[in-house]
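New to this one? Take a look at the model below, and then we'll walk through a few parts of it together.

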Amino acid sequence: MIERNEYLNILKRFKDKELIKVITGIRRCGKSTLLEMYKNYLLANGITEDQIISINLEDLKYNFIEDYMSLYNYICNKLKSNRKNYVFIDEVQKINEFQKTVDSLYIKKNVDLYITGSNANLLSSELATLLSGRYIEIKMLPLSFKEYKDAYKDLNNDELYQKYISYGSLPYTTSLDTEDDVSMYLSSIYNDIIIKDVMARKKIQDETMLRSVANFAMDNIGNLVSTNNIANTMANDGRDINVRTVERYLEGFTESFFLYKISRYDIKGKQYLKTGEKYYVSDLGLRYFILGRKIGDYGHVLENIVYLELLRRGYDVFIGKIDEYEIDFVALNNDGRIYVQVAETLKGIDENDTKILDRELRSLKKINDNYEKIILTSDKTPLANEDGIKIRNVFDWLLDK
């Protein structure tokens with residue numbers, strides 16, 4: 001079992017704090033395993049078995065729990081009145097109006113509450129308003145490159161990277177022995193996302209068209225796209241779909257954490273732009289399973305990995321625009337921001353060809369502030385600076401935190 005210490009330490013810090021701990025993320029990214037790790041931590045630190053109430057609503061064992069009231073009553077009947085109770089509810093969104101149960105448990109002084117969900121609507125505006133100031137959200141992602149290395153310590157970075165982008169980073173794939181086994185596993189997860197997480201929740205009937213939109217999004221990670229663009233492309237291929245339907249499908253994919261949508265930010269004007277957006281996938285193994293490895297898209301694959309790593313490190317991430325130039329990522333947090341360009345290679349046709357490097361430097365040099373600017377590349381280059389702009393090997397950067 002790979003330790004997810006980054007997330008586990010958050011749960012430890014917020015133990016017994018009067019806040020609901022909400023863990024969100026794509027199916028099989030490790031939410032349930034994280035709770036198991038945390039339960040083991042509790043048991044090793046003086047908490048007894050009968051203080052822990054754990055329910056996984058995907059387990060048929062709990063199919064008698066049909067509504068928020070039966071969920072509430074079941075938990076209340078197990079609470080110990082004279083001690084702290086640690087309540088874990090996995091995939092809580094399966095119960096209609098579950099927020100009523102959550103809110104009622106929250107006000108009990110002897111309950112420390114933890115819930116998970118694989119849909120962003122878990123924290124819809126209605127629930128967020130109801131629980132305002134009462135929860136923290138832990139946004140869980142599949143394994144980082146650094147966590148993945150823990151499972152394959154004998155592989156060098158290049159070998160590890162190839163495995164990472166083809167097998168993917170969902171934790172259980174590290175327990176599977178062959179590519180065929182991984183494909184079968186990813187197939188089942190992808191079908192669950194399509195049928196249970198998107199079709200059922202968004203009340204979509206046309207599975208074929210839904211999968212076509214998924215294919216388009218996967219084939220265009222890192223490209224600027226719009227719903228009009230997708231609808232027009234499909235119409236040109238003889239598949240009639242309107243813009244609103246495309247929007248609904250993409251909403252379903254982002255709500256299920258299958259896709260992440262990234263918007264643009266005007267660096268000079270210091271404003272968020274409403275037009276032009278990109279999509280990245282939460283697990284490249286699912287993309288590989290759907291499309292195979294597309295020749296010529298390695299730069300966008302690398303961008304995808306860097307984008308997810310920036311999210312892991314606590315940044316809000318946008319596409320940067322400055323005049324007519326684009327910055328791959330503007331990453332903002334409470335401490336400020338960093339600007340990131342991603343290039344598979346900076347090498348030209350020969351060693352004196354600096355066209356690629358000059359292109360990547362050009363947009364960064366136009367930014368007139370003192371925040372960190374960095375170019376990440378898979379070239380095996382030492383840490384270097386060019387007019388204050390750092391140039392780093394992307395694998396070193398991925399492994400340094």
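## A strand on the inside

Which residues point one way from S10, and which the other way? On one side you'll find Gly336, Ile338, Val340 and Val342, while Arg337, Tyr339, Gln341 and Ala343 point the other way. In a regular strand, side chains alternate between the two faces of the sheet. Here, the residues pointing either way are all buried. In fact, 8 of the 8 residues of strand S10 (residues 336–343) are buried, so the strand is largely enclosed by the rest of the structure.

## Who sits beside S10

S10 has a strand partner in S9 (residues 325–333): the two pair in the antiparallel sense, over 5 bridges. They form a hairpin, with 2 residues between them. To find a spot where they match up, look for valine 330, which stands opposite tyrosine 339 in S10.

Strand S11 (residues 372–377) is another partner, and this time the strands run parallel, with 6 bridges joining S11 to S10. Here you can look for isoleucine 338, whose bridge partner in S11 is glutamate 372.

## How sure is the model?

Keep in mind that this is a predicted model. The protein chain has a mean pLDDT of 93, and 97% of its residues reach 70 or more. Among the chain's elements, helix H3 (residues 68–76) has the highest mean pLDDT, at 98, and helix H5 (residues 125–130) the lowest, at 65.

## One face of helix H1

Now move to helix H1 (residues 5–13), where the buried residues are Tyr7, Leu8 and Leu11. Look down the axis of H1 and these buried residues fall within an arc of 100 degrees, so they line one face of the helix.

What covers them? The cover for the buried residues of H1 includes strands S1 (20–24), S4 (111–117) and S5 (135–139), along with helices H2 (31–43) and H13 (298–312).

## A buried aspartate

Aspartate 197 lies in helix H8 (residues 179–202). Is aspartate 197 buried or exposed? With a relative accessibility of 1%, aspartate 197 counts as buried. Leaving aside neighbours within four places in sequence, aspartate 197 is in contact with Arg27, Ser118, Asn119, Asp192 and Ser256.

## A word on cysteines

How many disulfides does a search of the whole structure find? The count is 0. Cysteine 29 has 0% relative accessibility and counts as buried, whereas cysteine 76 is partly exposed, with a relative accessible area of 23%.

Definitions and conventions:
Residues numbered from 1 in each chain as written. Predicted model: local features only at pLDDT ≥ 70, side-chain atom pairs only at ≥ 80, totals over all residues. Heavy atoms only, no water. Disulfide = S-S within 2.5 Å. Buried < 20%, exposed > 50% of the residue type's maximum accessible area, 1.4 Å probe, protein only. Helix = DSSP H or I, 4+ residues; strand = E, 2+ residues; numbered from the N terminus. Pairing = 2+ DSSP bridges. Arc of directions from axis to C-beta. Contact = heavy atoms within 4.5 Å. pLDDT = per-residue confidence, 0-100.
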